Amino acid sequence: MNTPSKELKRRARAALTGNYFQATSMATSLSLFFFALSLLPHLSGFGRGEDALSRCLYWVLWGIILLLSALMEVGMVRFIYFLKPGQDKKQPSRLFYGFQNQPDAFLITFAFRGLISLVWFVPAITCYLRIPAGLEASRLLPALAPVLLLSVAGLLPALITALPFCLSTYILLDDLSCSPQDALLSSMQLMKGQKRRMLGLWLGFLPFALLVIGSSGLAFLWVQPYFHASMTQFYLQIKQISRETVRR
């Protein structure tokens with residue numbers, strides 16, 4: 001029987017009780033790590049280049065930064081995942097867990113999920129790349145308007161495309177010997193008939209996104225662990241359903 005999103009979130013909050021300080025500390029470290037890396041594209045000067053190569057290198061650098069940040073986030077996901085019932089809540093937090101344990105598998109799954117989602121933003125990226133470098137502010141805002149509209153239009157299709165593969169990280173955490181391909185295929189199997197529920201869970205965090213914006217990003221340090229804890233509860237539940245189905 002499928003558990004409602006409201007109950008999954010309640011379980012997530014219960015799992016985080018007594019562990020929120022450590023979880024938010026990890027979220028803070030992740031944010032600082034990402035902030036430090038995000039300085040590199042600006043310091044490189046690629047973004048200010050007028051030629052296509054410089055601007056492409058600028059976005060490639062951003063792609064590498066996003067992958068490294070996602071790899072570091074594996075440590076937080078693992079910490080929260082092992083807050084499930086029956087696990088030792090004293091297990092240490094290891095933010096660099098992903099760098100030390102099968103990093104290639106995590107990176108390949110992240111890159112695959114990112115690329116299939118990125119397809120929906122190609123029109124927005126193309127529109128952005130056509131904007132001349134060094135455009136004055138009075139002309140920049142009107143030029144960015146279609147980029148914003150195209151990005152918003154691509155957001156929901158990108159989320160739906162990524163849905164079948166969203167559990168690959170948890171599958172790799174369960175089995176370090178699992179290959180990226182098997183993790184993605186296993187995620188697809190688990191997500192059969194569950195996509196609408198997962199999308200509902202994700203969309204349920206939209207009000208928290210407004211909270212993050214209203215707090216200038218500070219609320220993200222609280223929302224990020226809560227989101228991962230809710231995802232953990234979702235994964236544990238459908239994994240249990242899958243096991244019961246196999247036994248029958």
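**Figure 1. Side chains shared between helix 3 and helix 5 in the predicted model.** In this predicted model, L67, A70, L71 and V74 of helix 3 are in contact with P103, F106, L107, F110 and A111 of helix 5. The residues of this contact comprise nine nonpolar, no polar and no charged ones. Helix 3 covers residues 52-81 and helix 5 covers residues 103-118, and their axes come within 10 Å of each other while crossing at roughly 125°. Helix 3 is therefore classed as oblique to helix 5, because an angle that is neither under 35 degrees, nor over 145, nor from 65 to 115 falls into the oblique group. The crossing of helix 3 with helix 5 is right-handed.

**Figure 2. The pairing of helix 2 with helix 3.** Helix 2, which spans residues 20-44, has an axis that comes within 10 Å of the axis of helix 3, and the two axes cross at roughly 170°. Since angles over 145 degrees count as roughly antiparallel, helix 2 and helix 3 are therefore roughly antiparallel to each other. The residues of the contact of helix 2 with helix 3 are made up of 18 nonpolar, six polar and one charged. Two packed helices are described by the angle between their axes and by the distance between the axes, and both values are given for helix 2 and helix 3 here.

**Figure 3. Two loop residues with positive phi, Q102 and S216.** Q102 is not a glycine, yet its phi is positive, at about 50°; this residue sits in the loop that joins helix 4 (97-100) to helix 5. S216, likewise not a glycine, has a positive phi of about 60°, and its place is in the loop between helix 11 (206-214) and helix 12 (220-247). With a relative accessibility of 70%, S216 counts as exposed, because the exposed class begins over 50%.

**Figure 4. Cysteines without a disulfide partner, C56 and C166.** A disulfide would need a pair of cysteine sulfur atoms within 2.5 Å, and by this rule the count in the model is zero. C56 is in no disulfide, the nearest cysteine sulfur being that of C127 at a distance of 15 Å. For C166, the closest cysteine sulfur belongs to C178 and is 15 Å away, which is too far for a bond. The surroundings of the two residues are described by their accessibility: C56, at 41% relative accessibility, counts as partly exposed, whereas C166, at 6%, counts as buried.

**Figure 5. R130, in the loop before helix 7, and its separation from A143.** R130 is placed in the loop between helix 6 (122-129) and helix 7. With a relative accessibility of 68%, R130 counts as exposed. Although R130 and A143 are 13 residues apart along the chain, their C-alpha atoms are separated by 9.4 Å.

**Figure 6. L156 in helix 7, and its separation from T232.** L156 belongs to helix 7, which runs over residues 137-162. Its relative accessible area is 44%, so L156 is partly exposed, because that class lies between the buried limit of 20% and the exposed limit of 50%. The C-alpha atoms of L156 and T232 are separated by 22 Å, with their positions 76 residues apart along the chain when counted from one to the other.

Definitions and conventions: Residues are numbered from 1 along each chain as its sequence is written. This is a predicted model: local features need pLDDT of at least 70, side-chain atom pairs count only at pLDDT 80 or more; totals for chains, interfaces and linings use all residues. Side-chain values use heavy atoms; hydrogens and water are left out. Buried means under 20% relative accessible area, exposed over 50%, partly exposed in between (1.4 Å probe, protein chains only). Helices (H or I, at least four residues) and strands (E, at least two) are DSSP runs, numbered from the N terminus. Axes are lines fitted to C-alpha atoms, for helices over the stretch in contact, and angles run from 0 to 180 degrees between N-to-C directions. A crossing is left-handed if the near helix is turned anticlockwise from the far one by less than a right angle, and right-handed if clockwise. Contact means heavy atoms within 4.5 Å. Ala, Val, Leu, Ile, Met, Phe, Trp, Tyr, Cys and Pro count as nonpolar, Asp, Glu, Lys and Arg as charged, and the others, Gly among them, as polar.
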